[in-house]
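This report introduces a structure to a reader who has not met it before. The sequence and the model are shown first, and the description follows.

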Amino acid sequence: MSNPLICVRGLTKKFGDLTAVDGVNFEVAEGESFGLLGPNGAGKSTIMCILAATSTRTSGTVEILDKDPEKFGPLVRAHLGVVPQQDNLDGELTVSENLFIYGRYFGLSKKFINNKIEELLEFAQLQEKRDVKVEALSGGMKRRLTIARGLVSEPDILLLDEPTTGLDPQARHILWDRLFRLKEQGVTLVLTTHFMDEAEQLCDRLVVMDKGAIMAQGSPAGLIKEYSSKEVLEVRFGSERNADVALVLRNICERMEVLPDRILMYADDGEKLLEEITVLKLHPTTSLVRRSSLEDVFLRLTGRTLIE
Amino acid sequence: MNTGIDVVRIARFGALYIAAARFRSMFKWRTVIAAVDIGNPLFYLIAIGIGIGVLVENNSGTSGTSGIKYIAFIAPALLASSAITGVMDECVFPVIEGFKWRKLFYAQNATPITGKQIAIGVYLAALSRAVFSVVIYYLLLLTFNVVDFGISILIVPIAIMAGGSFGAVMLYFAAKVEKEDYFFNIIGRLIVMPMFLFSGTFFPLSSMPIYLQPIGWISPLWHATELGREAAFEYGLSPLVITTHLLFLTAVTVVGLILSIGQFERRLAK
């Protein structure tokens, strides 16, 4: 196997007394789509800034393309595409101007950039908006433009910090489709997210983070298999009854999570479990059997939900 | 791997790439820039130079203004103040925008471009605005016969130096801004306005009480005004005084830029 593109060992970042990242280890291989999943404040964005070679670390080692980003900032950044959490486009300039000036920051020739712009406008589905001021674009369009901008230098690694946060479901699906295409083209993606469905759709492999530390890592399916059951039965008895009923339910289910609004029961066969509840004459107001997700993995690892 | 990326070249020319991007934005504001940089001091020149000039000359002739017409006396000061206003605009708004409003600097810094190059690029673009306004303004002064063509052309680089030194300091303060309202109130009302009034702009600084004169001494505008008057007409500064003025403007520029570059790098790395 060739060297990993990113190699992180014992990475720690402190802001005064606060430890934002606490001894994190991971590697990202070429062509891989790698995710950092965790709630807000888990340290994902801090790690992204360090990977982007713009922020310093307190201790540990980081190698990107075999180089320390702290020592070789410009050289490492020359091979990265960065899509920050907040779009930082130049609103006064047009769509194509934004792509052009960004390409110039990589010292690329005008001819190269102008050819690239055509390709990127098509990729971002913004051909009709090429001469429109960025200010006038919708949130989803701005996001796609920011991603296109990150690709102008044909980077080896694309870093995406919360790529779909704040977008409506339709815009999110368009974006997922675009990112999936990049993945198919073999672009190495590193992304942070607090949406489990996003992580499941886009990541080959991911780490689950909480409070600056990695709780688990693996493929989405592997993590679910390891930390959760095949199916989940969600039952509601009304917020006042949930806790009382849970005491009885413990007798028929090994693992449960009692949330304020519902009870999650982990089982290989959800329907069968529901029948048992019916036999006990407990009559939930609503019930739902679904397959396990990364949300359940996170709940299992931390006792908390991802979006609180 | 994109092999078209030449990191050595970017290290050399990165600041110019930033300046080029700034030009693009400034070009979109060209009408406003021309109006502010040329219109504003021109109004002062006409209203005060001609209007107040009549009062001054009717009462004391040119005895208070080194023997020259009042309008010619204030022209070098207005030229320098035009450079200062222009450079200041370009060293303040784009910097607060870059760090705070649109966070453009963070986007630029995600490329091989460094914080130092961003600071210098923004500064160079700002200086070029001063060059543009001051040259046009000088041509207007020639057209209206306020100054004679000749050695007076030196008031152009002097004015640019004034803008440059003031701008270098403003670049630093703008890069530190977290709360902009506070910044604009303090800078605009308590620094720029008094500096404009008490830098010997409309009267010799020596006519002020001694406790107000230090405002002029620390103001790049006063130093540039004195130098400008020497260039525009017989003002009688000694070579030592001229050297001191030049050194002061240079020193402020250098210190301002060093502080700015450090502040840009620190803030981007946060």
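## The four-stranded sheet

In this predicted model, strand S10 (residues 231-236) of chain A and strand S12 (residues 263-267) of chain A run antiparallel and are joined by five bridges. Within this pair, A:Val232 lies opposite A:Tyr266 of S12(A). The two strands belong to an open sheet of four strands in chain A, whose order is S11-S12-S10-S13 and whose pairing is antiparallel. Strand S11 (255-258) and strand S13 (286-291) of chain A are the edge strands, and each of them pairs on one side only. From one strand to the next, the twist averages 20 degrees.

Two helices accompany this sheet. Helix H9 (residues 242-249) of chain A packs on the sheet and touches S11 and S12 of chain A. The direction of H9 makes about 175 degrees with that of S11(A). Helix H10 (residues 270-279) of chain A lies across S10, S12 and S13 of chain A, and runs at about 35 degrees to S10(A).

## The six-stranded sheet

Chain A also contains an open sheet of six strands, in the order S5-S6-S7-S3-S8-S9, and the pairing here is mixed. Strand S5 (80-83) and strand S9 (213-218) of chain A stand at the edges; each has a single partner strand, so one side of each is left without a neighbour in the sheet. Neighbouring strands of this sheet are turned against each other by 15 degrees on average, direction ignored. As a general point, strands of a sheet pair through backbone hydrogen bonds, either parallel or antiparallel.

At one edge, strand S8 (residues 205-210) of chain A is joined to S9(A) by five bridges, and the two strands run antiparallel. The bridge partner of A:Val207 in S9(A) is A:Gln217. Helix H5 (residues 139-150) of chain A packs on the sheet, where it touches S5 and strand S6 (157-161) of chain A. The direction of H5 makes about 165 degrees with that of S5(A). Helix H8 (residues 220-227) of chain A also packs on the sheet, touching S8 and S9 of chain A, and its direction makes about 105 degrees with that of S9(A).

## Chain A as a whole

Chain A has eleven helices and 13 strands. The chain is divided into domain 1 (6-220) and domain 2 (229-291). The centres of domain 1 and domain 2 of chain A, taken over C-alpha atoms, are separated by 40 Å.

Along the principal axes, the C-alpha atoms of chain A fill a box of roughly 75 × 45 × 40 Å. Of the 308 residues in chain A, 46% are buried. Among contacts in chain A between residues at least 6 apart in sequence, 69% join residues at least 24 apart.

## The contact between the chains

Which parts of chain A supply the side that touches chain B? The contact takes 29 residues from chain A and 29 residues from chain B. On the side of chain A that touches chain B, helix H2 (73-77) and helix H3 (95-105) of chain A each supply at least two residues. The largest share of that side comes from H3(A), with four residues. By class, the side of chain A that touches chain B has twelve nonpolar, ten polar and seven charged residues.

Conventions
Residues are numbered from 1 along each chain as its sequence is written. Chains are lettered from A and ligands numbered from 1 in the order in which they are written. This is a predicted model: local features need pLDDT of at least 70, side-chain atom pairs count only at pLDDT 80 or more; totals for chains, interfaces and linings use all residues. Two residues are in contact if their C-beta atoms, placed from the backbone, lie within 7 Å. Ala, Val, Leu, Ile, Met, Phe, Trp, Tyr, Cys and Pro count as nonpolar, Asp, Glu, Lys and Arg as charged, and the others, Gly among them, as polar. Two strands pair if DSSP finds at least two bridges between them. Axes are lines fitted to C-alpha atoms, for helices over the stretch in contact, and angles run from 0 to 180 degrees between N-to-C directions. A residue is buried if 20 or more other C-beta atoms lie within 10 Å of its own, exposed if 12 or fewer, and partly exposed in between; C-beta atoms are placed from the backbone. Domain bounds come from an automatic or database domain assignment.
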